[in-house]
Amino acid sequence: MAAAAIHASPSKLKTWWTILRICIEERLVYRGDFALGTLMRFLPLVTQVFLWSAVFAGTKQQEIAGYSYRDFVAYYLLTNVARAFSSMPGLATGIARQVRGGEIKKFLIQPVDMVGFLLLSRVAHKLVYYGVALAPFALVFYLCRGFFNGWPDAATMTAFVASLLMGFLIGFYMEALMGMLGFWMLEVSSLLFVFILFTFFFSGHMFPIDMLSGWLGWFFRQMPFQYLAYFPAAIFLGKISGPDLAWGLAVEFAWLIALIIACRTAFHYGVKRYAGYGG
Amino acid sequence: MAIIEIERLAKSYRVYQKKEGLLASVGGLFRRQHREVQAVRDIDLHVEAGEFVAFLGPNGAGKTTTLKLLSGVITPTRGMARVMGHVPWERSNAYRRRFALVMGQKNQLWWDLPAQESFRLHQQIYGIEAAEFERVRDELTSLLDVRSLLGQPVRELSLGERMKMELIAALLHSPEVLFLDEPTIGLDVIAQHNIQTFLRHYQETRGITILLTSHYMKDVAALCRRVVIIARGRIVYDGSLSGIIDQFSGHKVVTLVFPTEVVPTGLERFGEVISHQAPRVKLKVDRNGIGELLSAILAEHTIEDVSVEDPPLEEVIAEVFSSIAKEPAPV
């Protein structure tokens, strides 16, 4: 039994590698679309920098909610790094479309785990994305190095990388869970619009969520959205440290586990009620 | 022992009944009426290993739903099915490694990549040994004459070529049971023939069990000894193809060839004249009492040639389908 398990592992790794390789190949088919999509993601960053420049120029204040202009630019650069990990364009709509159109059948009849397959597919997408976006990212960070107070220490960097990786998984399982709702409600586009809106505001992509005060601020700091953008950026900038950082990472991990369970459960019950639409 | 056992298998769907018009659409935002559709109604079926069985039936009869149930794509409302001892909707990997489903209207290959990449992925997913994979792939690509197309993106293949690739992908892991849902739909005559020839050869040499749904009688006639007619979710016939005519057709076609271009009148009293192209006349006659009828005709007329045939199978099946459609819907 143990020998079989040891024997099975390399073959499983080979399967994962093949899935990853084929997903990468597929990603590279439409070069123009891919290059444009990758590079255009820098555009919102530039507009955000201009927006906050104008806000600071207008208020004459040195700080807004504890953030200087310099902090804001650094923060936006870092949230873009975090979103490069946690954003999953087209994942939820893709799952819902496959449910409605019937393409999901292939995952039900083949001995392959659909959620695992989609996760590997996303890893492939991200790897290709980083391959292309690394140089522009490095250039932007080099040009904007004056907005940062140097590199954080090794422990903070480790926490930052851990939060990025968990952010990737949280982003994946959140989106996949939204897509799974397609088993219950065939048209999920409006729901996804609301989800995207929530993600945009409450992940900290639009503004640092610690700017939100009162019950709304408290509420969204309990939600998993912050791990998609705000949390990694706040770690890098040293806004969360010590026991707060350890606790934050523990809560992020707990959210990740909860989302994995929710996504798996949704898939389990979803396929039971799946009606095999689309011929 | 049966390789496929189905007992009182049923599947119903709850479907939204939308009334016509804008007001009804607005009303539907607040209150909706649903209807229970019985796609499969308590069917029983046993299939022995090595059989090639055709499922016939009009659109919406429950053929594809049955295949979806047997392949574990959907879960039944009630009843039981076992394929090679597995309950399909439990979707165990042990079962999924032993069967394949090919749907003529659904693509399982990676659209933007060459088929060889999808094949390689199947090799890993199904855990096929490298040497065995290459042997089966080469054998199948040669049989279906698509070896030169392996490196071409699937989106650039013709429909017929794509279906061949779909079949190869489905057969790479050498399934013991194969479900085919209209595999020749939309294909031209040559492509249909190629697929038929391949399937017949493959089934004969491997002895696998195949369940096929098709609207093309040529597929069924060329491939299947056993035919199951499903209508309104129920099995209405299970037997040989020729048996359909015996069971459902009450008439035969008698062709009379007269010695001259002048065809005698009054033939209507022997049967319905279905074609009249002198000197040849075709009569639709009751299949009981053919002997007496021919004696009467020969006694009255000089006949140069006579033949008695069953009506075309398509015609009989169309009659069966339309008579089922006219029956009141079962509760």
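Me: Which elements of chain A have the lowest and the highest mean pLDDT?
Reply: Helix α1 (residues 2-27) of chain A has the lowest mean, 72, and α8(A) has the highest, 96. pLDDT is the predictor's confidence in each residue, from 0 to 100. This is a predicted model, in which local features need pLDDT of at least 70 and side-chain atom pairs count only at pLDDT 80 or more, while totals for chains, interfaces and linings use all residues. Residues are numbered from 1 along each chain as its sequence is written, chains are lettered from A and ligands numbered from 1 in the order in which they are written, and side-chain values use heavy atoms, leaving out hydrogens and water.

Me: Where in chain A does pLDDT stay under 50?
Reply: Over residues 1-7, for which the model has zero contacts (heavy atoms within 4.5 Å) beyond four places in sequence. Where pLDDT is low, the predicted coordinates should not be read in detail. Chain A as a whole averages 87, with 96% of the residues scoring at least 70.

Me: What makes the span of helix α4 of chain A agree with its length?
Reply: A helix here is a DSSP run (H or I) of at least four residues, and a strand is a run (E) of at least two, numbered from the N terminus. The expected span is 1.5 Å times one less than the number of residues. For the 18 residues of α4(A), residues 69-86, that comes to 26 Å; the end C-alpha atoms are 25 Å apart, so the two agree.

Me: Why is α4(A) called mostly covered?
Reply: Buried means under 20% relative accessible area, exposed over 50%, and partly exposed in between (1.4 Å probe, protein chains only). In α4(A), 16 of the 18 residues are buried. In chain B, 51% of the 331 residues are buried.

Me: What makes a set of residues a nonpolar core, and how many residues has the largest?
Reply: Such a core is a set of buried Ala, Val, Leu, Ile, Met, Phe, Trp, Tyr and Cys residues joined through side-chain atoms within 4.5 Å. The largest has 176 residues, and B:Ile4, B:Phe119, B:Met165, B:Phe179 and B:Ile244 have the most contacts inside it. Helix α8 (residues 154-180) of chain A gives the most to this core, twelve residues. A second, separate core has 14 residues, including B:Val254 and B:Ile303. Beyond four places in sequence, B:Ile244 touches eight residues' worth of partners listed by name: B:Leu56, B:Val227, B:Ile229, B:Tyr237, B:Ser249, B:Leu313, B:Val316 and B:Ile317.

Me: How do you know that β1 and β2 of chain B pair?
Reply: Two strands pair if DSSP finds at least two bridges between them. Strand β1 (residues 2-16) and β2(B) are joined by eleven, and they run antiparallel. One of the bridges sets B:Ser12 against B:Gln38. The open sheet has the order β2-β1-β4.

Me: Why do β11 and β13 of chain B stand at the edges of their sheet?
Reply: The sheet is open, has four strands in the order β11-β12-β10-β13, and is antiparallel. β11 (272-277) and β13 (305-309) each have a single partner strand, so one side of each is left without a neighbour in the sheet. Five bridges join β10 (residues 251-257) to β13(B), where B:Val257 stands opposite B:Asp305.
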